Amino acid sequence: GGGDGGDGVGGTITVLAGLFGGPDGLTGIMRTGDIEISENAAAPLGLGGFGGAGADGAAGQNGGDGGDAFAGVVRIGTNNGSSQFTAGNITVGNRAIGGNGGDGENGGNGGDAFGRQTAFGTFSQIGANTGGSMTAGNIAVNGSGLGGDGGAGLNGTGGIGGDSLVGAPELFTTTASAFLIGYSNPFTFNDAVLIMDSTGGDGGIGTSGRAAGGIAAGFGGGILSRRATDEIGSNGQVFGNSLNAQAISTGGLGAGDVAAASNRGFVLLNALDGNILLNNVTFADGGLAPNQDNITSYIRSGNGFVQVTGLVDVDAAGDFGLFGLAGGDIDLASLNLVAGGTILFEDPRTPGVANPDALTIDEVNAVLGGDFIFADDIEIGGNFNLTAGGRIQIGAISSGTNITLQAGRSITTGNLLAAGNISLTGMADEIAGLPANILTGNITSQSGLI
């Protein structure tokens, strides 16, 4: 039969000011222009893993299997509290692309792709060391995984599509991810785009139809801000203009052109003992099933703050979390959210520690596929527009402009007060066999319509 494609293994690239600063306290200062790490460059600069294609089989022989692909590991920044790193724009290609299976009597299987890690920032190990920082221009990362397509079965079955999976753990995480890091010392950047999609290969077509497609595990990306790894010193600090992070998982096409299984990717802003300040945020995740590690996309703050002065635009396939914890502050000027599930106010992995008072959002426009349940009152300066496929259950709502609630089932609220219009639309609860039901406290519109 046709020969199998060779495996492609990405390398490791480390560019750190104060490389040995953690153990021995040395200070490093590094200044550079633009940094480009291209997955298409010749060794040793080539990073992403590309599996070789399987060879086609000779007459009556099977096609070869595609080679597997392993992305590399990239770490750029500082690892000492007093180190300084200044860079221009940073561009990193760190994809894993499995080889396609060869055609033959039976098609060869596509190669698997294994995503790994890319990270930038201040990786401070000793919080007592101060005065360090990292500053960069625009940042662009593509660390996606793509399984190889199965080969065609000319007189038999097609090859199975390759999977897109999480590779070996590295750095500070077991996930395939792209993160901007601020541990104690500040990390400042302009605009950042982090793409961490995961896509299974399509099954090859044989005489009886298409073979199984490859599955896709969820990858992730975002910002992490916290104290140094020794938990001493000041809060982490990350400052930027905009962040666009995407982690969409898509299974490969199988029989009947139906996509194979996929676990959702995740995107996040996480400030525990840390601060994050941005002007605009765009998040998108996707996948048919929950993330394999049960990580939802979220914004979280505890003993620090997350502040976004402009728009937070989120498109989430499942739930989206707004996790305010003790000492935290999540301050968003405007939230535009489309989610297939609901808004979580408590992380299911750490129940019982939520602090809803940590949330301050000036305007909300949300469309949810599930219920919206929030036991506390809501006070908001701008519009509060909420559409839920299920129930809406809230305490009192006070809005400086308009309130619009539309539910696929019942609506239950406390008192409603708005400077402008108030609109409520509930639907019959077919699940419980109940008619349309809207139950509220007092409704007051100061200058609009009800």
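In this predicted model, strand E1 and strand E6 (residues 69–70) run parallel and are joined by two bridges. One pairing to look for here is that of Gly8, whose bridge partner in E6 is Ala69. These strands belong to an open sheet of four strands, arranged in the order E1-E6-E11-E16 with parallel pairing. Its edges are strand E1 (8–9) and strand E16 (164–166), each of which pairs on one side only.

Further along the chain, strand E30 (residues 304–316) makes a helpful landmark, as several pairings can be followed from it. Strand E27 (residues 274–278) pairs with E30 in the parallel sense over four bridges, and within this pairing Ile276 stands opposite Val306. Strand E28 (residues 280–286) also pairs with E30 in the parallel sense, over four bridges; here Phe283 stands opposite Val314. Eleven bridges join E30 to strand E32 (residues 328–339), and these two strands run parallel as well. Phe305 offers a place to start tracing this pairing, since its bridge partner in E32 is Asp329. When following such strands by eye, it helps to recall that in a regular strand the side chains alternate between the two faces of the sheet.

The surface has a feature of its own to find. Asp357, Asp376, Asp377 and Glu379 form a negative surface patch. Of these residues, Glu379 lies in strand E37 (residues 378–380). Glu379 has a relative accessible area of 72%, and therefore counts as exposed, the cut-off for this being over 50%.

Notes. Residues are numbered from 1 along each chain as its sequence is written. This is a predicted model: local features need pLDDT of at least 70, side-chain atom pairs count only at pLDDT 80 or more; totals for chains, interfaces and linings use all residues. Side-chain values use heavy atoms; hydrogens and water are left out. Patches are made of residues with over 30% relative accessible area and no salt bridge: like charges are joined within 9 Å, nonpolar side chains (Val, Leu, Ile, Met, Phe, Trp, Tyr) within 5 Å. Accessible areas come from the Shrake-Rupley method with a 1.4 Å probe; for residues, only the protein chains shown count as cover. A salt bridge is a side-chain nitrogen of Lys or Arg within 4 Å of a carboxyl oxygen of Asp or Glu. Lys and Arg count as positive and Asp and Glu as negative; His and the chain ends are not counted. The place of a charge is taken as NZ of Lys, CZ of Arg, CG of Asp or CD of Glu. Buried means under 20% relative accessible area, exposed over 50%, partly exposed in between (1.4 Å probe, protein chains only). Two strands pair if DSSP finds at least two bridges between them.
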